[in-house]
Amino acid sequence: MAFIVWKDEYNLGIKKIDEQHRSLADTMNEMFQMFLDKKMTDENFKIITQKLIEYVNVHFNTEQEYFLESAYEKTQIHTSVHDQMRLRAEELKVKYDQPNSNKETLFFELAEFLQAIWVWHINSFDKEYVPCLHAHNIY
Ligand SMILES: [Fe+2]
Ligand SMILES: [Fe+2]
């Protein structure tokens, strides 16, 4: 069972961004499946957090390049939210690397973080920039 079943309404109509959002959904599904299968080993957790940090950086950079290109009026606030999320992702990774960290608690912290990106960031915050990008022919 997938944790997130992709729906058409999740698409923003900007190809590169939709692909990246979709790959986040895939990573989340992968992570939950691992958890259900009791395969969330140290090694797998590392792979997932690594992927997540990569995702966060690559994806946020993509959005911010589009903001520049379209002179998006909410660039500053959106970018500062991205920065907070970049820090949070790094923080989780650092915590995890500590020898005595409670891996189970961290798993739930990571899941909560991903859910915040998913539910709030993608589905409300990101949607706000769509008209501006489309007006600048970014699809
Ligand atoms: Fe996004
Ligand atoms: Fe964003």
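**Entry 1. Burial in α4**

I looked up where the buried residues of α4 pack, and in this predicted model they lie against α1, α2 (42-70) and α3 (75-97). The residues concerned are L110, L114 and I117. I then turned to A111, which is also located in helix α4. A111 has 15 C-beta neighbours inside 10 Å and therefore counts as partly exposed, since burial requires 20 or more. For A111 I also noted a long-range pairing with F32: the two are 79 residues apart in sequence, yet their C-alpha atoms are 8.5 Å apart in space.

**Entry 2. α1 against α4**

I next examined how α1 (residues 15-36) and α4 (residues 103-125) are placed. Their axes come within 11 Å and cross at roughly 150°. The angle is over 145 degrees, so I recorded α1 and α4 as roughly antiparallel to each other. The handedness of the α1 and α4 crossing is left-handed.

Which residues form this contact? I listed H21, L24, M28 and F35 from α1, which meet F107, L114, I117, W118 and I122 from α4. By class, the contact of α1 with α4 comprises eight nonpolar residues, one polar residue and no charged residue. L114 and I117 thus appear in my notes both as buried residues of α4 and as members of the contact with α1.

**Entry 3. α1 against α2**

I repeated the lookup for α1 and α2. Here the axes are 11 Å apart and the packing angle is about 165°. The pair α1 and α2 is therefore also roughly antiparallel, and the crossing of α1 and α2 is left-handed. On the α1 side I found K16, I17, Q20, S23, L24, T27, M31 and M34; on the α2 side, N44, I48, K51, L52, Y55, H59, T62 and E63. I sorted the residues of the contact of α1 with α2 into seven nonpolar, six polar and three charged. I noted that L24 takes part in the contact with α2 and also in the contact with α4.

**Entry 4. Nonpolar cores**

I asked which residues make up the largest nonpolar core. The core has 10 residues, namely L24, M28, M31, I48, L52, V56, A89, L110, L114 and I117. At least two residues of this core come from each of α1, α2 and α4. The three buried residues of α4, L110, L114 and I117, are all members of the core.

I followed L52 further. With neighbours within four places in sequence left aside, L52 is in contact with T27 and A89. Of these partners, A89 is itself listed in the largest core, and T27 belongs to the α1 side of the contact with α2. I also found another core apart from the largest one; this core has six residues, including I17, F67, Y129 and L133. I17 is in addition one of the α1 residues in the contact with α2.

**Entry 5. Positive phi in the loops**

I checked the backbone of two loop residues. K38 has a positive phi of about 55° without being a glycine, and K38 sits in the loop between α1 and α2. I counted K38 as exposed because it has 7 C-beta neighbours inside 10 Å, the limit for exposure being 12 or fewer.

A71, likewise not a glycine, has a positive phi of about 45°. I located A71 in the loop between α2 and α3. A71 has 9 C-beta neighbours inside 10 Å, so I entered A71 as exposed too.

Notes. Residues numbered from 1 in each chain as written. Chains lettered and ligands numbered in written order. Predicted model: local features only at pLDDT ≥ 70, side-chain atom pairs only at ≥ 80, totals over all residues. Axes fitted to C-alpha atoms, helices over the stretch in contact; angles between N-to-C directions. Helix = DSSP H or I, 4+ residues; strand = E, 2+ residues; numbered from the N terminus. Parallel < 35°, antiparallel > 145°, perpendicular 65-115°, else oblique. Left-handed = near helix turned anticlockwise from the far one by under 90°. Contact = placed C-beta atoms within 7 Å. Nonpolar A, V, L, I, M, F, W, Y, C, P; charged D, E, K, R; others polar. Core = buried A, V, L, I, M, F, W, Y, C linked by C-beta atoms within 7 Å.
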